[in-house]
Amino acid sequence: MIKPFYIYRSSAGSGKTRTLAKEYIKLSLRFQPDYYKYILAVTFANKATQEMKERILLYLHEFSLGRHNSLADEIMQELRISAEQLQAKSAEVLSSLLHHYTLCLGSP
């Protein structure tokens, strides 16, 4: 199995954190809820790392409550899943992340 490696480079304020959070969530939703064990997301600033963690948890929380936004629409379209599937899978992934927070997202 080929494991893709992506690099996102762009200027400040261009959406890198959103893009990283989106890709992290897509991988987690596409596979099993504990897929975070196989994801490595690297930033070069502690502030960016914390922002990415917060956004991942926030987005998953919002999705698990059935609250959708443009990011939810993009994820549903790209993964070809329904709103109900997004809600259920997001709840599973969020639960797994929160139960293993220091392992998957590092200590706060």
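# Reading a five-helix model, starting with α4

Me: Where do I start with α4, and how many residues does it have?
Reply: Start with its length. Helix α4 (residues 83–99) has 17 residues, and from its first C-alpha to its last it reaches 24 Å, close to the 24 Å expected at 1.5 Å a residue. Keep in mind that this is a predicted model.

Me: Okay, and which residues of α4 are buried?
Reply: The general idea first: an α-helix has 3.6 residues a turn, so residues three or four places apart point the same way. Now the case here. L86, S90, V93, L94, S96 and L97 are the buried residues of α4. They sit on the same side of α4, because the arc they cover around the axis is only 165°.

Me: What does the face turned away from the buried side carry?
Reply: That face of α4 carries the exposed residues E84 and H99.

Me: There are serines in that buried list. What is S96 in contact with?
Reply: When you look at contacts, skip the sequence neighbours. Leaving aside those within four places, S96 touches P33, D34 and Y36. S96 itself, in helix α4, has a relative accessible area of 12%, so it counts as buried.

Me: And S28, is that one buried or exposed?
Reply: Buried: the relative accessible area of S28 is 1%. You'll find S28 in helix α1. With neighbours within four places in sequence set aside, its contacts are P33, Y35, I39 and V93. P33 turns up for S28 and again for S96. V93, a contact of S28, is one of the buried residues of α4.

Me: Let me step back to the whole chain. How many helices and strands are there?
Reply: Five helices and zero strands. Read from the N terminus on, the elements go α-α-α-α-α. Of the 108 residues, 33% count as buried.

Me: How do I read the contacts across the whole protein, and what share comes from residues 24 or more positions apart?
Reply: Look at sequence separation. Among contacts with a separation of 6 or more, 64% are between residues 24 or more positions apart.

Me: Now the charged pairs. How many salt bridges does a search of the whole structure find?
Reply: The idea is simple: side chains of opposite charge can pair when their charged atoms come close. Here the search finds seven salt bridges. One of them pairs R18 with E74, and the closest N and O atoms are 2.9 Å apart. That pair links distant parts of the chain, with R18 in helix α1 and E74 in helix α3 (residues 70–79), 56 residues apart.

Me: Which other side chain meets E74 in a salt bridge?
Reply: K22, at 2.9 Å, N to O. Since K22 lies in helix α1 and E74 in helix α3, the pair ties together parts that are 52 residues apart in sequence.

Me: How exposed are R18, K22 and E74?
Reply: Check each one in turn. R18 is partly exposed, with a relative accessible area of 25%. E74 is partly exposed as well, at 25%. K22 has a relative accessible area of 11%, so it is buried.

Me: What does R67 form a salt bridge with?
Reply: With E62, where the closest N and O atoms are 3.2 Å apart. R67 is partly exposed at 45% relative accessibility, and E62 is partly exposed at 21%. Elsewhere, salt bridges that share partners join R18, K22, E23, K26, E74 and E78 into one network.

Me: On to the surface. Which residues form a nonpolar patch?
Reply: L40, V42 and F44, with about 440 Å² of accessible area together. L40 lies in the loop between α1 (16–30) and α2 (46–64). With a relative accessible area of 75%, L40 is exposed. For the protein as a whole, the accessible surface comes to about 7,200 Å², and 54% of that belongs to carbon and sulfur atoms.

Me: One last stop, the backbone. Which residue has a positive phi although it is not a glycine?
Reply: R80, with a phi of about 55°. Look for R80 in the loop between α3 and α4. R80 counts as exposed because its relative accessibility is 76%.

Terms used: Residues are numbered from 1 along each chain as its sequence is written. This is a predicted model: local features need pLDDT of at least 70, side-chain atom pairs count only at pLDDT 80 or more; totals for chains, interfaces and linings use all residues. Side-chain values use heavy atoms; hydrogens and water are left out. Patches are made of residues with over 30% relative accessible area and no salt bridge: like charges are joined within 9 Å, nonpolar side chains (Val, Leu, Ile, Met, Phe, Trp, Tyr) within 5 Å. Accessible areas come from the Shrake-Rupley method with a 1.4 Å probe; for residues, only the protein chains shown count as cover. A salt bridge is a side-chain nitrogen of Lys or Arg within 4 Å of a carboxyl oxygen of Asp or Glu. Helices (H or I, at least four residues) and strands (E, at least two) are DSSP runs, numbered from the N terminus. Buried means under 20% relative accessible area, exposed over 50%, partly exposed in between (1.4 Å probe, protein chains only). Contact means heavy atoms within 4.5 Å. The expected span of a helix is 1.5 Å times one less than its number of residues. The arc is that of the directions from the helix axis to the C-beta atoms.
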